[in-house]
Structure formats: structure tokens, C-alpha cells
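User: Please take a close look at one part of this model, the site marked by the database record, and what lies around it. I am new here, and short sentences would help.

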Amino acid sequence: MLVLGIESSCDETGMALYSTSAGGSLLAHALHSQVAMHQDYGGVVPELASRDHIRRVVPLLRKVLADSGRSLPEIDAVAYTQGPGLAGALLVGAAFAEALATALERPSVPVHHLEGHLLSPLLSRTPPRFPFVALLVSGGHSQLMRVTGVGEYELLGETLDDAAGEAFDKTAKLLGLGYPGGPALAELAERGRPEVVKLPRPMLKSGDLDFSFSGLKTAVLTKVRELPTIDEQQRADIARGFQDAIVEVLVSKALRAVATSGLKQLVVAGGVGANRELRRQLDARAGKARIAVFYPELEFCTDNGAMIALAGALRLQTAGDRGTAGKATGAFQV
Ligand code: KG4
Ligand code: ZN
């Protein structure tokens, strides 16, 4: 089965072809990032995003077909991101996918964006095996899940306010960093000194598996306001203090979730999963606890078409027909 995957939920147009033959493999994937276009505005402009997705979908489809040596009629199903995301941006991918599926007389598979992220580590050369615990940390979500199989997701804990990526982005803005904020803040934090700026570890000792990150952002704002002027080293120290706090909470809660589940595998997915300090801390502490940690390839941490093609293919394989393949299950509801 050859599945086309289309991602257009925010500022990246992603397209990929995944084949389920011989254990499954990604045949081709292509991405167009709109970062340069939105940079002048300090964030994503939804109207510009939608219009750019329209410009990109056909060339990207042509590219994945050429790169894989496949032709349009060989496509067996068209998977696309149904949501959550920017309405206009999602509509471009959905309309394109549904039109293509109708023309080819093939099934369409609407995929929950987070399910794509959640399953993305299965694309790597050393994938985890079900069941596992997943730490899902994107721009809009921070969740801990018990994943028993495709479509079998149990929510163990989640953020009560800001998502981890959102906290990175908002704090980056406070520190005068441009868009996209998360990677910029992480880079600045690499030059910061440890323990110079001490920030709270929200809900570290709450006893449950929930998170809260909005207070951390406010704590940074207070620190910035206390300083009459702020030089480059002070900004880096604040960034370091923020990153250390958020990473400690994420790592502690993720390892606690694994311990209470009785499982031995942790999967990290979503944009914040690209954070180097998070990976360093997790690897160090999980190693001691004999927990295996799995990450998507760096290029599949942030939004991409490959994870949507994979999730669509797995859904079709699991459900066997269109009716249930597109239905949100477990903790995911669009
Ligand atoms: O998963 P994703 O691409 O999109 C959503 O589905 O939201 O995640 C994007 C989020 C943004 O908030 C971005 O700032 C954050 O992931 N991010 C990072 C890093 N790379 C991306 N946060 C911290 N460190 C990074 N290296
Ligand atoms: Zn995403």
C-alpha cells in the first residue's frame, strides 16, 4: 500500500510517500518552511500561511513522486492533517487531499496532527515497540500518554495552561528573540551560566503527571523587569535558567510516568523534542533508571508530511477501511 501524507496545519507544507511493503518504509518526503516569510511579523500570519500552502502543494507532490519514482495512479490512500491547527491552513491540505482522493477513487484518511507527532519515532532506524510512554511536547500541547498500540492512547497528564513550546516561544519574545522563538532561546541558553538565574520548577512535586508553564514565563518577566539594563550575558543566563527549569520538570514527570506505568520505554515527540538539553538530561537520567528513550529523527521532530503518511498508513492497516481509519480515538479529538 502506498500512502501519500499531507501536512499543512501551521507554517510548514509537508508531503511524503510511505509504503507499507516489506515492514514499511518512507519512500520520499519534502518540506517547505514559511519561516522566512513570517519572520518580519514576529510570528505566523494565518492568511499568508494559507496562501503559501496553496502555492506549495502541487510542486511538493510532484517532487515526492519524482524522488520516489512513483506515479499518481499508484497512490492507494491520501492521508492529511485534519487538525488541530490554523483553520485556513488546514483547509488547504484537506481540500487538496480530498480532491486528489476523489479523483483517484482512493480513500482519504484524516489524521490528528498529534497522532502524527506521537507515531513519528516509528520512522527511525531503531523504533520503539508498543507499549510505551510518550512525552508529547509541541507548540500547542504538552501531554504524557500511555501508548498501547495504534489508536490506543491513554492520557496520563497534560499542561493546565501553556504548552512547553508555547512557554519557550513566549519567553523568547520577552527576551527580544525573533520567531521561531524556541530554537533561538535554546541557542542563547547554550551560552548562559548554570544556577546564575534560579527559576521555579512548577508542579515538580505535585504528585500527579500534569504540568503548568505559564508561571515560569511570568517569573522570567519579573527577572527582566528587575534589571535596569540587560546585557547579552544576562539574557543568556536568564535563557539558561528558564531552559533548565522547564527541562527538569519535563524529565522528572516523564520518568515518573514511565516508572508508574511499569513500562521501560519512553518516546519523545513534538517540536520541543528537538531541544538538545532535554535530550541530554533525559538520556542521562533514563540511562540510570534503565529506561530506553526514543526520539524521532531531528527533521521529523517539527511538523512534516512523513509522520502524517505513516499515521495514515498505520490507521488504514489497523482499521482496514475508511470508516474507522479516520475516526479520532483515545485521547485525540479534533
Ligand atoms: O511540533 P511542532 O513543530 O508544532 C506544533 O505542532 O505545535 O512544535 C513547534 C514548537 C514551537 O513552540 C517551537 O518553539 C518548539 O516546538 N521548538 C523548540 C525547539 N525546536 C522547536 N523548543 C525548544 N528547543 C528547540 N530546539
Ligand atoms: Zn506539530
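Analyst: First, one term. A residue is buried if 20 or more other C-beta atoms lie within 10 Å of its own, exposed if 12 or fewer, and partly exposed in between, with C-beta atoms placed from the backbone. The model is predicted: local features need pLDDT of at least 70, side-chain atom pairs count only at pLDDT 80 or more, and totals for chains, interfaces and linings use all residues. Residues are numbered from 1 along each chain as its sequence is written, while chains are lettered from A and ligands numbered from 1 in the order in which they are written.

Start with the record. UniProt, in an unreviewed entry, lists a "binding site" at His113, His117 and Asp303. Such annotations may be inferred rather than shown by experiment. The three residues span 191 residues in sequence, but no two of their C-alpha atoms are more than 8.8 Å apart, so they gather at one spot.

Take His113. This residue sits in helix H4, which covers residues 113-119. Helices (H or I, at least four residues) and strands (E, at least two) are DSSP runs, numbered from the N terminus. His113 counts as buried because 26 other C-beta atoms lie within 10 Å. Set aside its neighbours within four places in sequence, and His113 still contacts Ser9, Thr81, Gly83, Pro84 and Gly85 (contact: C-beta atoms, placed from the backbone, within 7 Å).

Two of those partners share an unusual feature to look at. Gly83 and Pro84 are joined by a cis peptide bond, with omega near -5°. Pro84 belongs to the loop that runs between strand S4 (77-83) and helix H3 (87-104).

Now His117. H4 holds this residue too. His117 is buried, because 28 C-beta neighbours fall inside 10 Å. Beyond residues up to four places away in sequence, His117 touches Leu136, Ser138, Ala269, Gly270 and Met307.

Next, the ligand. There are 20 residues around ligand 1, and those that come nearest are Ser138, Gly139, Gly165, Gly182 and Gly271 (near: C-beta atom, placed from the backbone, within 6 Å). Ser138 appears in this list and among the contacts of His117. Elements that give two or more residues to the shell are H4, helix H5 (164-174) and H6. H6 gives the most, with 4 residues. By class, the shell has 6 nonpolar, 12 polar and 2 charged residues. Here Ala, Val, Leu, Ile, Met, Phe, Trp, Tyr, Cys and Pro count as nonpolar, Asp, Glu, Lys and Arg as charged, and the others, Gly among them, as polar.

Follow H6 a little further. In the loop between H5 and H6 lies Pro180. A cis peptide bond links Tyr179 to Pro180, with omega about 0°. H6 also meets H8: Leu185, Ala186, Leu188 and Ala189 in H6 are in contact with Arg235, Ala236, Ala239, Arg240 and Gln243 in H8. The residues of this contact divide into 6 nonpolar, 1 polar and 2 charged.

After H6, look at Glu195. This residue lies in the loop between H6 and helix H7 (214-226). Its phi is positive, about 70°, although Glu195 is not a glycine. Glu195 is exposed because 9 other C-beta atoms lie within 10 Å. By contrast, His113 and His117 are buried.

How values were computed. Two residues are in contact if their C-beta atoms, placed from the backbone, lie within 7 Å.
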